[in-house]
Amino acid sequence: MTQQTVLVIDDERDIRELLTITLGRMDLQVDAVGTVSDARRALEERTYDLCFTDMRLPDGNGHEVIELIASKYPDMPVAMITAYGNVDAAVSALKAGAFDFVSKPVDIQMLRQLVRTALRLAEEKRAGGATKTASSSDRLIGDSPAMQQVRATIGKLARNQAPVYIAGESGVGKELVARLIHEQGPRAAGPFVPVNCGAIPSELMESEFFGHRKGSFTGAVSDKEGLFQAANGGTLFLDEVAELPLHMQVKLLRAIQEKAVRPIGAREEIPVDVRILSATHKNLAALVEQGQFRQDLFYRINVIELRVPPLRERRGDVPLLAGYILRQLATKSGGSPGRLLPGAQQALESYDFPGNVRELENILERSMAMCEGDQIDVADLMLPQRTPRTEPATPGTPPPPTAAPQTAAAPTADGGLDDYISNIERTAIIKALEESRYNKTAAAKKLGITFRALRYKLKKLGID
């Protein structure tokens, strides 16, 4: 096997020697130079698998090297060497295209982990990405231009270690996007650890994220590993990151900057090699302006932003998504996949989906319980009534078909739409049961639904 090569660019001889010795012990061949001009010559004369460059150089800076490599040698990962605590320079380097960064004084353990991760990435690129999960992107359903752009962006983001902030409404699939970034990158063999920041009680957050030592507080009967340690070598996905209280935002910021955590009750910090992906359905920039989210943390986790479009911006993907969901439901139930009749498909394509893909899943699951056989009609969808979209008519074309009447009125009560619809269903079902003296077969007939659909509703609504 050909020996892999690394280019080190640093004007400090001690750093060049340290990296040369450390990387040489990893069976890597190292070329070390001290200027931008020497680096340009080395890159022209030889192909490298990885590059390390210092920020400040006698005849230029590391950004020039990063931009040069990004434009001429895009398959080569490049890592920035920064002064201790100079996180702004590190973030700037990541935005310019750097794979990752390492701080001075260099932590040998962290350096070796970074090198292993970067070289896996280089191998994947040479293999044309063959080592990534073959079917991973198949789960991101949709051929619309918006989704094609999301898939292309995921492919690019997977190739570096920059923190990514995934923006999007509730239900669009932000966690799936985070998983794909993880699976298509060099950390795919490592753990993917998702955490809902809004689901952890405030008093337990520090222990959950950083771990604790036995006896560090009442109830700490043994050592506990935190989420950062659990994600070591992989990816930590912070879902609903806007829910973090301010005191945890400070601690999280330090962990990200220093690449180390201190468990509660521990005397020393533990180095962690974790890529941070985060998401929320809230407007994080607005929360920063309102003082509810720290600006410095916002800039650390939002090095690159990826917006996942809502379903109403990619209506053409609805039939593909619906078909996929119906096949999944059939697999779970052991039956045959449901089939949308033309009217039902048209109704779905014109619906705005405030709950996005998650709402589509719920609608189709409910429809399969309500429909006759495996054919889903408009009435089975039970879509909430809304004002229909009006579009300019083309002269000489007939008016669009009138949508079928909806089974639920627009909500006027307090509370969520799902609760409102459930109350309507509960009232109608109880009335039918009372009128039929609790004969479920007769009640189902009175309601105009199948016995199977009534059984499903009784269970869902908790009616005995």
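**A parallel sheet and its surrounding helices**

In helix α7, the residues that count as buried are Lys174, Val177, Ala178, Leu180, Ile181, His182 and Glu183. The helix, which spans residues 174-183, is thus described in a predicted model, and with seven of its ten residues buried it is mostly covered. These buried residues of α7 pack against one other helix, α6, and against the strands β8, β9, β10, β13 and β14.

The strands in question belong to an open sheet of five, arranged in the order β9-β10-β13-β8-β14 and paired in parallel. Its edges are formed by β9 (192-196) and β14 (304-307), each of which pairs on one side only, and from one strand to the next the twist averages 20°. At one edge, β9 is joined to β10 (residues 235-239) by five bridges in the parallel sense, and Phe192 has Thr235 of β10 as its bridge partner. At the other edge, four bridges link β8 and β14, again in the parallel sense, with Ala167 standing opposite Arg307 of β14. The two faces of β14 are unlike in their surroundings, since Ile304 and Leu306 lie on a covered face, whereas Glu305 and Arg307 lie on an uncovered one. Helix α6 (residues 145-157) lies across β8 (164-167), β13 (275-280) and β14, and runs at about 155° to β14.

The largest nonpolar core comprises 46 residues, among which Ile166 and Ile181 have the most contacts inside the core. Helix α4 (residues 87-96) supplies the largest share of this core, namely five residues. A second core, separate from this one and made up of 33 residues, includes Tyr165, Leu236, Ala255 and Leu297. Beyond its neighbours within four places in sequence, Ile166 is in contact with Lys174, Val177, Ala178 and Ile181, as well as with Phe237, Ser278, Ala279, Thr280, Leu306 and Val308.

Two loop residues were examined in addition. Pro191 is placed in the loop between α7 and β9, and it is classed as partly exposed because its relative accessible area is 31%, a value between the limits of 20% and 50%. Although Pro191 and Asn232 are 41 residues apart along the chain, their C-alpha atoms are separated by 7.4 Å. Asn232 is also one of the contacts of Pro191 beyond four places in sequence, together with His182, Ala230, Ala231, Gly233, Gly234 and Thr235. Arg314, for its part, lies in the loop between β14 and α13 (318-333), and it counts as buried because its relative accessibility is 5%, under the limit of 20%. With neighbours within four places left aside, the contacts of Arg314 are Ile141, Gly142, Ser144, Met147, Pro309, Leu321 and Val357.

Confidence in the prediction varies along the chain, for which the average pLDDT is 84 and 88% of the residues score at least 70. The highest confidence is found in β10, at a mean of 96, and the lowest in helix α17 (residues 417-435), at a mean of 75. Over residues 130-135 the pLDDT is below 50, and this stretch has five contacts in the model beyond near neighbours in sequence. The pLDDT likewise stays under 50 over residues 387-414, for which there are 24 contacts beyond four places in sequence. Where pLDDT is low, predicted coordinates should not be read in detail.

Terms used: Residues are numbered from 1 along each chain as its sequence is written. This is a predicted model: local features need pLDDT of at least 70, side-chain atom pairs count only at pLDDT 80 or more; totals for chains, interfaces and linings use all residues. Side-chain values use heavy atoms; hydrogens and water are left out. Two strands pair if DSSP finds at least two bridges between them. Axes are lines fitted to C-alpha atoms, for helices over the stretch in contact, and angles run from 0 to 180 degrees between N-to-C directions. Contact means heavy atoms within 4.5 Å. Buried means under 20% relative accessible area, exposed over 50%, partly exposed in between (1.4 Å probe, protein chains only). A nonpolar core is a set of buried Ala, Val, Leu, Ile, Met, Phe, Trp, Tyr and Cys residues joined through side-chain atoms within 4.5 Å. pLDDT is the predictor's confidence in each residue, from 0 to 100.
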